[in-house]
Amino acid sequence: MVNVLHVRALEDNYVWLIRVDAARAAVVDPGEAAPVLAALAHLRLTPAAILCTHHHGDHTGGVAELAARYSVPVYGPARERIPALTHPLKEGDRVALPGLALDVLDIPGHTAGHIAYHGGGLLFCGDTLFSAGCGRLFEGAAEQLHAALMRLAALPEATAVYCGHEYTLANLRFAAAVEPDNAQVRDYLEKAAALRARNLPTLPSSIGLERRVNPFLRAGVPAVRRAAEDHTGGRLNSEAAVFAALRRWKDEFRG
Ligand code: ZN
Ligand code: FE
């Protein structure tokens, strides 16, 4: 019986606690230590492992302190510098937690070595896939990030999506600008706004929902392509080109 709990960190980060048994949880992307330590104490849990998706400080800032306090394996991308890393990971590797095996996917674009953890119907995707959005291109090309997102979109519909940030509402405002006629975007916007009004997380999302509302997974949809072409004022000849145009559009979008 694995369940996943959230810890808020920094401005709008989520640290995920994957509870693997009555006493232990794996800690995903601890951007700071203090709120994680407080949550673990409150829940009477100790860490089973620390899992990082990429090197950015808002996902790794608490690793050193947690690793110093608890002697647990620290997993993270082999191609990036992660504090206290003990288990460098790449595509095809597997993290064996008690009762849960997570496969490692290489999903570069936001950062060059970004990885995701997938298994048991769960996906931890850091800053690559957000609900109704995707990460910014800091160290990769648009084609790379698009390919990474298409891999995630191909996972089973029911897969629960645990992203690194609470960006859903702002993302949905952009999604509604791209697809004003997508009723499921409007629907989700209403639900997400109600959750945020009560200060509740909009996550986890699901792969099925993301396929229906996330413009960055929908570059092949004619209405999305037309919106991107209207915005850029030229023809876009591939899904990757549509994706790149959407990413640029979102970078300057003020909802
Ligand atoms: Zn990041
Ligand atoms: Fe981040």
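Reader: Why does His165 count as buried?

Author: In this predicted model, His165 has 5% relative accessibility, and since buried means under 20% relative accessible area, His165 counts as buried.

Reader: What makes His165 part of a metal site, and which other residues belong to the protein donors of the iron ion (ligand 2)?

Author: The iron ion (ligand 2) has as protein donors Asp58 (OD), His59 (NE2), Asp127 (OD) and His165 (NE2), which lie 2.1 to 2.2 Å from it, and a donor has to be an N, O or S atom within 2.8 Å of the metal. Along the sequence these donor residues follow the spacing D-H-x67-D-x37-H. The pair Asp58, in helix 2, and His165, in the loop between strand 13 (160-163) and helix 5, links distant parts of the chain, 107 residues apart.

Reader: Why is the arrangement of the four donor atoms around the iron ion (ligand 2) called irregular?

Author: The angles subtended by the four donor atoms run from 83 to 167 degrees, whereas four donors count as tetrahedral if all angles lie between 85 and 135 degrees; the arrangement around the iron ion (ligand 2) is therefore irregular.

Reader: What coordinates the zinc ion (ligand 1), and what makes the arrangement of its four donor atoms irregular?

Author: The zinc ion (ligand 1) is coordinated at 2.2 Å by His54 (NE2), His56 (ND1), His110 (NE2) and Asp127 (OD). Its four donor atoms subtend angles of 88 to 168 degrees, and because a tetrahedral assignment needs all angles between 85 and 135 degrees, the upper end of that range leaves the arrangement irregular. In sequence the donor residues of the zinc ion (ligand 1) are spaced H-x1-H-x53-H-x16-D. His54 sits in the loop between strand 4 (46-51) and helix 2 (57-60), and Asp127 in the loop between strand 10 (122-126) and strand 11 (129-130), so this pair ties together parts that are 73 residues apart in sequence.

Reader: Which residue bridges the iron ion (ligand 2) and the zinc ion (ligand 1)?

Author: Asp127 bridges the two ions, which lie 3.2 Å apart.

Reader: How do you know whether Asp127 and His54 count as buried or exposed?

Author: Asp127 has 4% relative accessibility and His54 has 0%; with the cut-off for buried at under 20%, Asp127 counts as buried, and so does His54.

Reader: Why are helix 5 and helix 6 called roughly antiparallel?

Author: Helix 5 and helix 6 pack at an angle of about 160 degrees, with their axes 10 Å apart, and because angles over 145 degrees count as roughly antiparallel, that is the description given to helix 5 and helix 6. The contact includes Thr168, Leu169 and Leu172 of helix 5 together with Val185, Tyr188 and Leu189 of helix 6.

Reader: What makes helix 5 and helix 9 oblique to each other?

Author: Helix 5 (residues 168-178) and helix 9 (residues 239-252) pack at about 125 degrees, with their axes 11 Å apart. Since roughly perpendicular covers 65 to 115 degrees and roughly antiparallel begins over 145, helix 5 and helix 9 are therefore oblique. Asn171, Phe174, Ala177 and Val178 in helix 5 meet Leu246, Trp249 and Lys250 in helix 9.

Reader: Why, then, are helix 4 and helix 9 described as roughly perpendicular?

Author: The axes of helix 4 (residues 142-153) and helix 9 come within 9 Å and cross at roughly 105 degrees, and because the range for roughly perpendicular is 65 to 115 degrees, helix 4 and helix 9 fall under that term.

How values were computed: Residues are numbered from 1 along each chain as its sequence is written. Chains are lettered from A and ligands numbered from 1 in the order in which they are written. This is a predicted model: local features need pLDDT of at least 70, side-chain atom pairs count only at pLDDT 80 or more; totals for chains, interfaces and linings use all residues. Side-chain values use heavy atoms; hydrogens and water are left out. Four donors count as tetrahedral if all angles lie between 85 and 135 degrees; four count as square planar and six as octahedral if opposite donors are over 155 degrees apart and all others between 65 and 115; anything else is irregular. Helices (H or I, at least four residues) and strands (E, at least two) are DSSP runs, numbered from the N terminus. Buried means under 20% relative accessible area, exposed over 50%, partly exposed in between (1.4 Å probe, protein chains only). Axes are lines fitted to C-alpha atoms, for helices over the stretch in contact, and angles run from 0 to 180 degrees between N-to-C directions. Angles under 35 degrees count as roughly parallel, over 145 as roughly antiparallel, 65 to 115 as roughly perpendicular and the rest as oblique. Contact means heavy atoms within 4.5 Å.
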